[in-house]
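Got the viewer open? Here is a short tour, one selection at a time.

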Amino acid sequence: MQKDADGFYTPGPGQSLTTSSPVRPPAYHQMPNTAAPVSPKPATADAPEDAAAPKQDAVTDLIKSTFEVSVTLADQQADPNSPLFSAKTFEELGLHQDLLKGIYDMGFSKPSKIQERALPLLLSNPPQNMIGQSQSGTGKTAAFVLTMLSRVDFSINKPQALCLAPSRELARQIMSVVVAMGKFTPVQTEYAIRDNLPKGASNITAQIIVGTPGTMTDLIRRKVLDVSEVKVFVLDEADNMLDKDGLGEQTLRVKNMLPKNRPVQIILFSATFPDHVRNFAAKFAPNANKIELQRNELSVDNIRQFYMDCRNEEHKYEVLVSLYKLLTIGQSIIFCQHRHTADRISQRMTAEGHKVASLHGAKDAAERDAIIDNFREGKEKVLITTNVIARGIDILQVNMVVNYDLPLMNERDHFGNKEDARPDIETYIHRIGRTGRFGRKGISINFVHDKATWQQMEQIEKATGKQIIRIETNDLDAMEEQMKKALK
Ligand SMILES: Nc1ncnc2c1ncn2[C@@H]1O[C@H](COP(=O)(O)OP(=O)(O)OP(=O)(O)O)[C@@H](O)[C@H]1O
């Protein structure tokens, strides 16, 4: 593979990998541009120091991690603790050499905990459904991408694996993993995201399609996307994709259009599966093997959580500005509840000479792609956004997340206010999970400014079982000290 001027990976001469879409996936930020050995890459002593790289022991800790997952097999007679259902190495999974090459080329040497438990179940035959849960940043994407790649018949030029995600940003990121992992295979891929396919496009021949549910439905309905050969259907951020108040209806529509006369392996993954979607998930993916987390293990311990006591809304803005120096040590994401807040604070900070970017769903597709790509490539250090990128986005250099507004459930009281709204625990867990990826250290800071936000934060603390520590808003040095310590 070669990197073009914009930092995108393109197939080299003689390489048949194609992404037929005009929207290119973001450059896979960890993908080294070297020939691939078919064994794990040895760590070299003279490798350049990557500021975002986790200390080797952090990665090893994550891989060894003993966080409790409970595995329930659809076959009740089978023993989930049998070594048959666990893989300590990628070799023992029986993957095609070309896929092993792709994995090692990405720098993965051993399966992470979720990969170790999920992959043997995902790859076994006959294919079985899976409902898989594991904390943010622990490697769920590779588990379902490998499954899609290993089930595709490259000699058939028809869609065979569909993957849905809640945002175009996440769909593009998943595609970058499909392209990187499938680098040594002839896989063809296509997006099902808005403003992507040319108007007259009539027939998708790619084998793996990644997109958002509205566009996927539209393409299937218009018969641009033929689903007759589909054998794998993946929902990333599955609880969000199945939520009746959210994307649930559209996702169900896609499922209902899949072939009825052949088995389709349904794979649901998320870091969270709140009670209200669990039943629906079980119906959506019947007889699934299940990997579940304990309630108090929902977020990883390497993300230290803080809060700052602000006097009022205006003081929140002042505190954010005073944090700027710390926000730019690595990269940071500031979450707001509304688009207009994201726009307002980013315009104000820009006018005051700070360099920040803002991203939300009201921006057009090309602008959204450019903003996230710039941030991914480190050209922007501070991204002010809404829940649109709360889930899934994997940028290793992000070491700080600020909840400028706490995430709230989409409920209003009789007067249309959200003052007494309950905190949205799942979104909180996903938001803070944008940092602390794959064993790295990260910090999150919540701004609280009145009784309601204080109570909401208390509920979050209780629900997640993780302590949220106070930091002074008026002692910058002490604040800096405390944060640097947390990141060490
Ligand atoms: N076996 C592995 N070895 C080394 N790095 C890995 C391995 N598996 C995944 N990673 C890296 O870990 C990071 C997080 O993975 P991924 O984005 O799949 O997390 P996730 O579990 O899907 O998180 P989220 O719940 O936030 O979506 C990625 O940068 C990925 O490249």
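## Stop one: a pair of crossing helices

Select H4 (residues 140-151) and H5 first: they cross in a right-handed way. Keep in mind that you are looking at a predicted model. The two axes come within 10 Å, at an angle of roughly 55°, which means H4 lies oblique to H5.

Now show the side chains where they meet. On H4, pick Thr141, Ala142, Phe144, Val145, Leu146, Met148 and Leu149; on H5, pick Ile174, Val177, Val178 and Met181. Colour them by class and you get ten nonpolar residues, one polar and no charged ones in the contact of H4 with H5.

## Stop two: H5 again, with another helix

Keep H5 (residues 168-181) on screen and add H13 (residues 365-376); the pair packs at about 55°, with axes 10 Å apart. That angle is why H5 counts as oblique to H13. H5 passes H13 in a right-handed crossing.

Which residues of H5 and H13 make the contact? From H5, select Arg168, Glu169, Arg172 and Gln173, and from H13, Ala365, Arg368, Asp369, Ile372, Asp373 and Arg376. Here the classes split into two nonpolar, one polar and seven charged residues.

## Stop three: the sheet

Next, bring up the open sheet of seven strands, with parallel pairing and the order S14-S15-S13-S16-S17-S12-S18. Look at its edges: S14 (357-359) and S18 (468-471) each have a single partner strand, so one side of each has no neighbour in the sheet. On average, neighbouring strands are turned by 25° against each other, ignoring direction.

Zoom in on S13 (residues 331-335) and S15 (residues 382-385), parallel strands joined by four bridges. Phe335 is a handy landmark, standing opposite Thr385 in S15.

Two helices to add now are H10 and H14. H10 (residues 313-322) packs on the sheet and touches S12 (303-309), S13, S16 (398-403) and S17 (442-448), its direction making about 155° with that of S17. H14 (residues 425-432) also packs on the sheet, touching S12, S13, S16, S17 and S18, and its direction makes about 150° with that of S16.

## Last stop: a salt bridge

The model has 28 salt bridges. For one of them, select Arg391 and Glu237, whose closest N and O atoms are 3.0 Å apart. Where along the chain do Arg391 and Glu237 sit? Arg391 is in the loop between S15 and S16, while Glu237 is in the loop between S9 (232-236) and H7 (238-242), so to speak a link between distant parts of the chain, 154 residues apart.

Methods:
Residues are numbered from 1 along each chain as its sequence is written. This is a predicted model: local features need pLDDT of at least 70, side-chain atom pairs count only at pLDDT 80 or more; totals for chains, interfaces and linings use all residues. Side-chain values use heavy atoms; hydrogens and water are left out. Axes are lines fitted to C-alpha atoms, for helices over the stretch in contact, and angles run from 0 to 180 degrees between N-to-C directions. Angles under 35 degrees count as roughly parallel, over 145 as roughly antiparallel, 65 to 115 as roughly perpendicular and the rest as oblique. A crossing is left-handed if the near helix is turned anticlockwise from the far one by less than a right angle, and right-handed if clockwise. Contact means heavy atoms within 4.5 Å. Ala, Val, Leu, Ile, Met, Phe, Trp, Tyr, Cys and Pro count as nonpolar, Asp, Glu, Lys and Arg as charged, and the others, Gly among them, as polar. Two strands pair if DSSP finds at least two bridges between them. A salt bridge is a side-chain nitrogen of Lys or Arg within 4 Å of a carboxyl oxygen of Asp or Glu.
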